[in-house]
Amino acid sequence: MLLLSVLASEGGEEVEGSQILLPAIYDIVWSAVSFAIILALFWRFVLPQMKKALDARTEGIEKKLEQAEADRAEAAALLEQYRAQLADARSEAARLRADGQAQRASIVAEARSEAEQAARVVNEQAQARIATDTAAAKASLSREVGVLASDLAERIVGESLDEQRTRGTIDRFIADLESASQGATG
């Protein structure tokens, strides 16, 4: 109320509360005409440009969404392709590992067989050499035993013995020893 009384005292007239807030009619008309002109210009020029810009932006967003969807689908396809290749690689690696293990087993078996064969050959050669060396040692010992027995017999008897007869006696004695030793071992 104080404000109304101050305004009234300045203007010199008494003003009611509702008239103080209303502008003059000519101001309202000119403001309405200006608003209509600006609204018409805005409606005619600015609004279509804004609509075009918003439509272009909407279209751009939709294209980006479509591109993103296409990229996602392509990424999913590439992921599936990668997984398939990975599965193939794993199965190939498993197959190669199994082949390698089979080859390793066959190589080990072959090497073992060759080693056993070589051991048999070496063993047979050693047995043959032992048999040969044993026979040679027996023959050498037989001769030496025969010579020693003959010399001993000559010394005991004091005269020279018949060589052929002595040799036959020694050979019989050695044959008897060999048959006795074979009978004891066999």
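How many residues apart are Arg83 and Glu80 in helix α2? The tour reaches that pair at its third stop.

**Start: the whole chain**

Show the full model as a cartoon. This is a predicted model. The protein chain has 3 helices and 0 strands. Follow the chain along its sequence and the pattern reads α-α-α.

Now colour by pLDDT. The mean for the protein chain is 84. Of its residues, 87% reach 70 or more. Select helix α1, residues 2–11: among the elements, helix α1 has the lowest mean pLDDT, 48. Then select α2, which has the highest, 91. Most of the stops below are in α2.

Switch on the surface. The protein chain exposes about 16300 Å². Carbon and sulfur atoms supply 61% of that area. Of the 186 residues, 4% count as buried.

**Stop one: salt bridges**

Return to the cartoon and show side chains. Side chains of opposite charge can pair when their charged atoms come close. A search of the whole structure finds 5 salt bridges. The next stops visit some of them.

**Stop two: Arg72 and Glu69**

Select Arg72 and Glu69. They form a salt bridge, and their closest N and O atoms are 2.7 Å apart. Look at the backbone between them. The two residues are 3 residues apart in helix α2, so about one helical turn separates them. Check Glu69 on the surface too. Its relative accessibility is 43%, so Glu69 counts as partly exposed.

**Stop three: Arg83 and Glu80**

Move along α2 and select Arg83 and Glu80. Here is the answer to the opening question: they are 3 residues apart in helix α2, and so separated by about one helical turn. Their side chains meet in a salt bridge, at 3.5 Å from N to O.

Are these two side chains fully hidden or partly exposed? Arg83 has 47% relative accessibility and counts as partly exposed. Glu80, at 48%, also counts as partly exposed. The cut-offs explain both labels: partly exposed covers the range between under 20%, which is buried, and over 50%, which is exposed.

**Stop four: Arg95, Asp99 and Glu92**

Select Arg95 and Asp99. Their side chains meet in a salt bridge, at 2.8 Å from N to O. Both lie in helix α2, 4 residues apart, about one turn of the helix. Arg95 has a relative accessible area of 41% and is partly exposed. Asp99, at 33% relative accessibility, counts as partly exposed as well.

Now add Glu92 to the selection. Glu92, Arg95 and Asp99 are linked in a network of salt bridges.

**Stop five: the largest pocket**

Leave the salt bridges and look for open space. Rolling a probe the size of a water molecule over the atoms shows where empty space is left. The largest pocket has a volume of about 270 Å³.

Which residues should you select to find its centre? Take Gly146, Val147, Ser150, Arg167 and Ile170, the closest to the centre of the 14 residues that line the pocket. Two elements give two or more residues to the lining: α2 (25–157) and α3 (163–185). Helix α2 gives the most, with 7 residues.

Finish by colouring the lining by residue type. The lining divides into 4 nonpolar, 4 polar and 6 charged residues.

Terms used:
Residues are numbered from 1 along each chain as its sequence is written. This is a predicted model: local features need pLDDT of at least 70, side-chain atom pairs count only at pLDDT 80 or more; totals for chains, interfaces and linings use all residues. Side-chain values use heavy atoms; hydrogens and water are left out. On a 1 Å grid over the protein atoms alone, a cavity is a set of points where a 1.4 Å probe fits but cannot get out, and a pocket is an open set with protein on both sides within 12 Å along at least five of seven lines; lining residues have an atom within 4 Å of a point. Grid points are joined across faces, edges and corners, and a volume is the space filled by probe spheres set on the points. Ala, Val, Leu, Ile, Met, Phe, Trp, Tyr, Cys and Pro count as nonpolar, Asp, Glu, Lys and Arg as charged, and the others, Gly among them, as polar. A salt bridge is a side-chain nitrogen of Lys or Arg within 4 Å of a carboxyl oxygen of Asp or Glu. Buried means under 20% relative accessible area, exposed over 50%, partly exposed in between (1.4 Å probe, protein chains only). Accessible areas come from the Shrake-Rupley method with a 1.4 Å probe; for residues, only the protein chains shown count as cover. pLDDT is the predictor's confidence in each residue, from 0 to 100.
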